[in-house]
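Colleague: Got a minute to go through this model with me? I'd like to hear the reasoning behind each label.

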Amino acid sequence: MYELKFDEDICFACGTYDCLVKCQHLELDPDMAGIEIEKIIHSEDSFVLHDCVTCYACEEYCPNGNHPFYLIVQKQEELNIFPLPEPLIKQGVQMGIPFRGEPEIQEINGKALNMGVFSQLTNRVQGRLFEGLTIMSDDPRKMFHYFCQLMYLHYGKTSVINERLKKVIDTIAAHKVTEVVHFHDECFGTYTSYAPAFGIDVPFKSIHLFEYLFNKLEELKSDIKPLNYKVAYQRPCSSRLSSDKHRFVSKIFDLIGVEPVDREYVDENAMCCGATIMGQKKEGSRQYCAEIQRKNIEDMKSAGAQICVFNCPACMQTLGKPVSKTGIMPLFMSDLCRLAIGEKVA
Amino acid sequence: MTFMEYKYKDSIHRCFRCGYCKFPTDWGTVTNCPSYARYRMESYSAGGRLWLIRAWLNDELQWSEHLAKIVYSCVSCKNCVEKCPLSFRDDLVNMVIAAKTEMVEMGMLPKPVKSFLQNVQLHGNPYGIAAKKRADWMVGLEIQPYQGQEFLYYVGCEGSFDNRAQSAARATAKLLLKSGISFGVLGVNEISDGNEVEMLGEDGLLEDLAKKNIRQFSDLGVKNIIALSPHSYNVFKNRYPDFEGRFNVFHYTQILSELIKTGKLSAPDKSEMRITFHDPCFLGRWNQEYDAPRKVLRALKGIDLAEMQRNKKGALCCGGGAGNFLTDFLGGSDESPARIRVREARDVKADILAVACPNCLTMLEDAVKVEGLEDEIKVLDISEIFCQA
Amino acid sequence: MGSIYNALIEIVGEDYASNRQEELFTYSKDLGTSEPQWPEYVVAPKTTEAVQKIVRLANKEKIAIVPLGGGMTLAGLALPLKGGITIDMKRMEKIIEVNESGRYMVVEAGVSQGKITSYLHKHHPHLMHSEPGAPPAATVGGNLSIHGQGDLAHPYGFNSDMVNGLEVILPTGEIARFGSCAIDSGWYTMHPLPDLGLFLGWNGSTGIITKVSLRLFPNKKIREMDLFAVENEALIPEILYELTHVGFSEDLVAFSSEIPPMMNKLHSISIVITGDSEEEIEFKRHLIFDVKLSKYIRSGVGGIAAVSQDRQRPQISKSADWKKGGGFEYVGAIMPVSAYPECYRRGAEISARHDIPYTVLGRVIGSSHGMMFSWSYAFNRADPETVRHAREALHETDEQVMELNGTIWKPAVFGQKLMMDRMDTNTLQLMKKVKNLLDPNGIMNPGNWEVGQ
């Protein structure tokens, strides 16, 4: 089976323990952090394993790319310290089982746009920005064959990911794709961060949606009319797995003439949408989730945001309605880009 | 045709007869299926009809005139498609049309349907009036024959031959002339667009008409078509491409909307007029166009635009579709959909019931008369409203 | 025959009476697994007087009559078991009166549930009625004839507990009223006398309900559905007990199904909460999840699967098409809440044997006083084998309900017999006496609940 490429010596030599010290949800000073990381490495019970909200941020905080979050999740499973109650884990694991027949594999022999489990969102990838791109996984009945599985990091279940991921990669590869643009940021993270971290081979090149959008916008630069909106960006947890691509957010904003508002929860300090925190076992999780959501949205509002730009459909599902209740319009990045080139969005 | 040859053999049994198809979008009434509104027997509801079709094709029931009447009482309004929650809903009207096609092929048709189709075949229009009279509607107007202008103004059979609808055809032409846009008409060379013919199950005749029209349009260099009727708009836009006829198709309200926006057409004063708009099925539910007619109406100065309870996606069909403006399977009762509709216009205290379709125009105006509401409500095409000083 | 048909046309008009094969075929069919039962005539009257004339005609001609509402019982209860006249009541759909301060509305019994929901939403948004789980085309009269329950079952009981008055046409043709309306005092209460309790739940075999006064209840501005999931079915009764102690839920339904795979062998409780403000809703969420249910969450045996989900009214269900076959039928039983685990297990077992994905749910009635437990069996209408399997599964389930000391709710003839075989003989005899007294000619939906068959 697949082993996590983790080097414990790097952690032992780490002086800053940024992974835990910078954590927005746990209070640890460097001394405590050093103790707890050692416990984790040695498969001993640590409160970090119980209290981790699974926001993925420590994957970004670690300056050495030593995968602290993947380690935490592995240890949670090893020690039976699951963040979520058992029925929710079972539900999540069962959800990923395809049951509507096999997918139709049509050879693409080129670039594709992979919708993953968001086949119902093909409306979000229309227009000139996506011309010439063959859409993969546009049939909701078959979408779980393209499910990147990374959601199970919130469930303490790297075993499920490792069991299923190869088959999904094979399904995508069977389309004979050269390059795959992933609609969902988490799919991109799966194939460029998780898979290499566990030594899982990925026989296609992955392109981040925002990098793709930026390049496309550059091609259509003469059609761009500055939108002049004030925007807040809801950075998803999965973005922490591809922090080198986060720069495309501001590059796109510059290009299309929107102003990112000056707010607290940005970049490294972004606040996750809280979707998976709500159901966690730890006492007070539901209220904690409501609190961070409230703070996040208030932060956007008080900074004067007119639009909240979403990357991830799960964030949109969780925060879209509460955001719009405050008068801020929720929009996917792809739709914002379409508006910038004068297209109407459904 | 045996059941195994029926195009929808794998899905017609999936109708549960749950009855969602009877309701409009706001659930306010069970009479949004026009034939069910008229007859209130389950056999005339969308689900009941499908069960009967399946039983007939399965030889459980014999063909009868009554069965044919039930099948042909579907006026293709698509309310069922709009409301059915199940995944095969897009095919619901097609399932009925396919059954009509089987009756056409058997030659077992209600008389009015037979005449309709024979007239279209022989005369290019369902009225059976000589083709040479097709241009009579434009006498006295300075309209040019189509010879490569920017737009072809396609009038359609009702606008050409029906007394009442001719007024809408003329009013639309006057507005186009006034705005200065470049257009021409086919005059006596115009033939049926084929939309109703298809809704009546005669797909062979539709193909024939479509190919003839496409040949004529192409030979003349037509690129853009303005349709008076949403029925024409629908078939040109959605079916003619299947026969390699690709044109830019507009309903006249879409053109008026642009003309008003760009200042090429000004709106008259309609203050102290309360107007309500009846959404035509072939513009609304068939083509999701609910805005253009309203934009045009809102441009009227001083207008008080009221919405009927059932509007937009939930509008009650006037009952004129699928040729029923002539075959009249839903008339003869105060529960005929057209009469229900004008009563709804009365309920919102409208002075004018505005329409954007010659079918709706004739159906609703007749209904106003039968209801004795002539002194209270005027049924007018949007083009007529704009032409009034 | 000819004279009956002409007489019916005389009463309702030519358009609304039929003896043609197409109507008879359509009305012979139940949407479930029942075999077709053909009427000889179908009529659709619009007024109480017209129905009365039809009833009198039936008595004169000794021909059976069957009142039909939406036809959604899925138990063949509106199929003419002994031929006769099917009376489609759905043209009697007027909303006669809404009394806001008294919180009731008077309607003709053929009105659809959807129309009521829509009407109240538009004109009296602070009021709501209890909407049954059937599609919105179901009627008020039909639902009351079977002691239906709806989405207010937990706080307020059966839909038939929410009636303030009735107008009924007796099988012999007289019109009678029950409740305060019978003494001309308005329609605000059913109890005390003259409330004779003879028409609710009698499956249309003792008379035809023509008017109903329905209780209305406070409708709040915000409504949400939250979901709580457990794996162990044995926990459901105690969790429901806890939730019904808290109160504050508008509707509580525990359910489990094999499809989609996500739900398989898991049990979810749908908890509907309403409030006039976000504070009210959050307060209720707090009491339910942070206080009452937190022990299950902390120990990991139960979890909050979703909050703040939309809850549409009328509710839309796609379950009819699960086998891509357009059909399903269910056994509904009124069970003690404590029976949920065993009901689920037996249902899953029966379903597996008949190759039907299991689907069960239990809607709480009152303060866990009982639940309407349903076992759904989907079938493909185009495949008679699957219909047979569904029918057998239904019959086996009826028998299981009896074994579990439950009560079959709205049984078809098969289930009626099981119930009657077990019934107290004096009660059974009294049922017979009442029926004979009311319906000496035996014309009122004969074949259903017939004692001594």
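Modeller: Sure. A residue is called buried if 20 or more other C-beta atoms lie within 10 Å of its own. Keep in mind that this is a predicted model.

Colleague: What share of chain A counts as buried on that rule?

Modeller: Of its 346 residues, 49% reach that mark.

Colleague: And why would you call chain A a compact globule?

Modeller: Because a compact globule of 346 residues would have a radius of gyration near 20 Å, and chain A has 20 Å, the two agree. Its C-alpha atoms fit a box of roughly 55 × 50 × 35 Å along the principal axes, and the chain holds 14 helices and eight strands.

Colleague: What makes you say that contacts in chain A link distant parts of the sequence?

Modeller: Take the contacts between residues at least 6 apart: 74% of them join residues at least 24 apart.

Colleague: How do you know which chains touch?

Modeller: Two residues are in contact if their C-beta atoms lie within 7 Å. Chains A and B do not touch, with their nearest C-alpha atoms 12 Å apart. Two pairs of chains do touch, and B and C have the most contacts.

Colleague: What does each side bring to the contact between B and C?

Modeller: Chain C gives 37 residues and chain B gives 32. On the chain C side, α2 (21-28), α4 (113-123) and β16 (326-335) each supply at least two, and α2(C) has the largest share, six residues.

Colleague: Which classes make up that chain C side?

Modeller: It has 14 nonpolar, eleven polar and twelve charged residues.

Definitions and conventions: Residues are numbered from 1 along each chain as its sequence is written. Chains are lettered from A and ligands numbered from 1 in the order in which they are written. This is a predicted model: local features need pLDDT of at least 70, side-chain atom pairs count only at pLDDT 80 or more; totals for chains, interfaces and linings use all residues. Helices (H or I, at least four residues) and strands (E, at least two) are DSSP runs, numbered from the N terminus. The radius of gyration is taken over C-alpha atoms; the globule rule is 2.2 Å times the number of residues to the power 0.38. A residue is buried if 20 or more other C-beta atoms lie within 10 Å of its own, exposed if 12 or fewer, and partly exposed in between; C-beta atoms are placed from the backbone. Ala, Val, Leu, Ile, Met, Phe, Trp, Tyr, Cys and Pro count as nonpolar, Asp, Glu, Lys and Arg as charged, and the others, Gly among them, as polar.
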